[in-house]
Amino acid sequence: MSDHAQEPLLEIRNLRIEATAYAPGEKPKDIVIVDDVSLSLERGKVMGLIGESGAGKSTIGLSALSYGRGGIRLSGGEIRLNGREIRTAGPGTLRNLRGREVTYVAQSAAAAFNPAKKLMEQVTEATLKHGVMSKEDAEKRAVELFRTLSLPDPEHFGDRYPHQVSGGQLQRAMTALALCPKPDLVIFDEPTTALDVTTQIDVLAAIKTAIAETGVAALYITHDLAVVAQVSDEIMVLRHGKMVEHGTVQQIIEAPREEYTRALISVRSIEHEEKKPTPEPLLRVEGVSARYGSMTKDVLSNISVELHAGQTLALVGESGSGKSTMARVITGLLPPRTGNITFDGKPLPPALKQRSREELRQLQMIYQMADVAMNPRQTVATIIGRPLEFYFGLRGRKRDERVQELLDAIELGKGFADRYPAELSGGQKQRVCIARALAANPKLIICDEVTSALDPLVADGILKLLLDLQKREGVAYLFITHDIATVRAIADSIAVMYQGRVQRYGTKSEVLTPPFDDYTDLLLSSVPEMKLGWLESVLDHRKMTSAGN
Amino acid sequence: MHPVLTLVIQRLALGLLLLLAASVLIFVGTQILPGDVAQAILGQGATEQALQNLRAELGLDQPAFTRYFDWLFSALQGDLGTALSNGLDIATSIGGRLQNTLFLAAVAACISVPLAIFLGLLAVRYRDRWPDRLISAITLTSISLPEFLLGYVIMYFFSVQWGLFPSVSNINDGMTFLEKLNAVALPAIVLTLVVLAHMMRMTRAAILNVMQSAYIETAELKGLRRFTIIARHAMPNAIAPIVNVVMINLAYLVVGVVVIEVVFVYPGMGQYLVDHVAKRDVPVVQACGLIFATIYIGLNLLADIISILSNPRLRHPK
């Protein structure tokens, strides 16, 4: 392929991508997903595609394989790979190119691996199918890649089935799968988004090493600018299917030209003054241990925390650390095995069934997936009105007025009362869930990863709204999250959780000020920072400390 | 112990328990039928003394409880009793017929199961295009027609018009394997048409369900051919539902072929059972019921075990 040396590896010109939308009761109509996007990628370079959901970044990434998900059509423009046009190429040509010249790393490796086949078979399948090398060589290469990606026991890693390895390991195995056939280009589609921060940093480092060692070119798709800044040479910012800005990493991070890029960079910079603890806490959890069903080990062991009225306690930790179990215990869904919970000076009955309606009212909850937390067949007015009827017996006009007040409080206008959840955006859905919790006039709202499923800018809006409501209504939040930036933005006190225990607990300034314990240090240093060379400096620092030990 | 072994042993134990329950039901069911066996044998004109003698001889004067266990234990030892109507040993009379029924079922299964799965795969490959529609139309038509009609139509063309196969499927021990195959060709074809649609539709539905998964997209982006993706990546994850439907249909091939046996005058279990039901021959009905229940439960048990073994999470725990 050296005869194409003067031409870029991938050249996209004026790409237009469309899909047909089938809204119920309406005529099918064509919608434009990507409009007039051009990009050019040299061999061995990495370009980051960044934007919020719906920006069309995955769609553009897949177009490099001339592939459209569902009913998506690559309807206009040119896609040139290795000097030939592939947008209009036939299925035979595309089969020869996919999995050989261009490969794809999906967001959720756990779903992208076939559960019925061993990893080695899946990692080498494309290599063998395209006849790139013999079975023996392919397996040798796979083992080398496993080693480069620092997977455990690389010789035998491929003998396992997908369910037998962890999420972070699977994501690295997916990278090995993509690199095995020695492609010219790899599309990384949010490869670390589904991982815990402490795992993300390892996978990110592994991907970066593998890219450097194989000299492959890559399109790296993500919504996290801080992540993409660590691995890319250039960055393209996308919004609503159009290009906003394109430049080197340095230029985008240090001197963004567009307003939208500046907003993405300054995201999560909410300043929140920490409040002083009051003498008597609103919620006191003392020595709580809990486990599910017939388990022989505690999921929570000996947890003691306090939350003061009108303040926010953040529970932070990785998946599996027991954060959500904590919420289940406090709400009474999972009565604790030992320990007491005091609410507003009175002991709270352990089980949900034993609690009075008044006790239920004072403690509300907001969930991570606003989509599934609402009945899709009820209007917003019905959803918000239900707690008003249930707790206060409001009906008719009084109820409607209160619904409208609540809608104003969450900054949604008049037209929203009659809408159905399907007619709302992700951020609007979460706002409706907040209004529903607020309708009960609670003293405490448990927020379980309420911003994790949202785009950064939308999440910022939700956090600001929550802080604003706290100021006006004096409601306290128990805020469960894995995201340190969110914690910084909203918390007054913090409990760092690790394997069912509270690792570190205190006011925000105490917890976030060194000296740290090992786990808190690992957690805090793993959060990507919006600066060049952050990944290297953290890894160097870790190497030094572990060498010093 | 390997968790799969535990699961399989559990299933086997449950299967045995189920079989025991079925035997109770069969026994009780035949007991609560109205009428008196002795009366039926001796006719209206029998004296009270003669009836009582016969009841004692048949053990009918014993309590039902004792009779059930006597029946069950001799059945376990292969003794199914003697037929009331002709006094012959039931096990001997059934033996050959059961063999014939199983032979026909096996031939039909060997044609229909691979064909149904292949057509299912094909229907997925050409989903919503004409091959898919044609396969669905033909199989659904054949399942919608009554078996006897299908039997006579096939007999008319294959036997009467074209003279390819015999219309009467008489087989005996003296025939070679090929002669036997030739004899059962027509009933096997009809049975295939009857069970094909169900298995084909299930294969199609189960695989289409799997085709939504992200790993199918991964396979597609590896540049694999569509049929390879369906057969190698989708199929292994759709085995459990397919196997269940296959086994239900195999069971049907054994226990539900009465009509076909009558149409083609085939000397199988079905005809034997029908004859003896008409004669109110309770021991024969019980014996046939027990055999059918064993086959039914056995095949479904097998489906369960294959489903368990097809799950990599169970086969290879963490």
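Q: Which residues of chain A does the UniProt annotation "domain: ABC transporter" cover?
A: The model is predicted. The annotation comes from an unreviewed UniProt entry. In chain A it covers residues 15–265 and 283–524.

Q: How far apart do the end C-alpha atoms of residues 283–524 of chain A lie?
A: This span of chain A is 38% helix and 24% strand. Its end C-alpha atoms are separated by 27 Å.

Q: How many residues does each chain give to the contact, and which elements of chain A give two or more?
A: Chain A contributes 24 residues and chain B 16 residues. On the side of chain A that touches chain B, the elements giving two or more residues are helices H2 (91–97), H3 (109–112) and H4 (119–129) of chain A.

Q: How many residues on the side of chain A that touches chain B are nonpolar?
A: That side includes 5 charged and 7 polar residues. The nonpolar residues number 12.

Q: Why is H6(B) described as oblique to H8(B)?
A: The axes of helix H6 (residues 130–144) of chain B and helix H8 (residues 177–210) of chain B come within 7 Å and cross at roughly 130°. Angles over 145 degrees count as roughly antiparallel and 65 to 115 as roughly perpendicular. The crossing therefore makes H6(B) oblique to H8(B).

Q: What is the handedness of the crossing where H6(B) passes H8(B), and which residues of H8(B) meet H6(B)?
A: The crossing is left-handed. From H6(B), Ile135(B), Thr139(B), Leu140(B), Ser142(B) and Ile143(B) take part. The residues of this contact divide into 8 nonpolar, 3 polar and no charged. On H8(B), the partners are Leu193(B), Val194(B), Leu196(B), Ala197(B), His198(B) and Met200(B).

Definitions and conventions:
Residues are numbered from 1 along each chain as its sequence is written. Chains are lettered from A and ligands numbered from 1 in the order in which they are written. This is a predicted model: local features need pLDDT of at least 70, side-chain atom pairs count only at pLDDT 80 or more; totals for chains, interfaces and linings use all residues. Two residues are in contact if their C-beta atoms, placed from the backbone, lie within 7 Å. Helices (H or I, at least four residues) and strands (E, at least two) are DSSP runs, numbered from the N terminus. Ala, Val, Leu, Ile, Met, Phe, Trp, Tyr, Cys and Pro count as nonpolar, Asp, Glu, Lys and Arg as charged, and the others, Gly among them, as polar. Axes are lines fitted to C-alpha atoms, for helices over the stretch in contact, and angles run from 0 to 180 degrees between N-to-C directions. Angles under 35 degrees count as roughly parallel, over 145 as roughly antiparallel, 65 to 115 as roughly perpendicular and the rest as oblique. A crossing is left-handed if the near helix is turned anticlockwise from the far one by less than a right angle, and right-handed if clockwise. UniProt positions are given in the numbering used here, feature names are shortened, and annotations may be inferred rather than shown by experiment.
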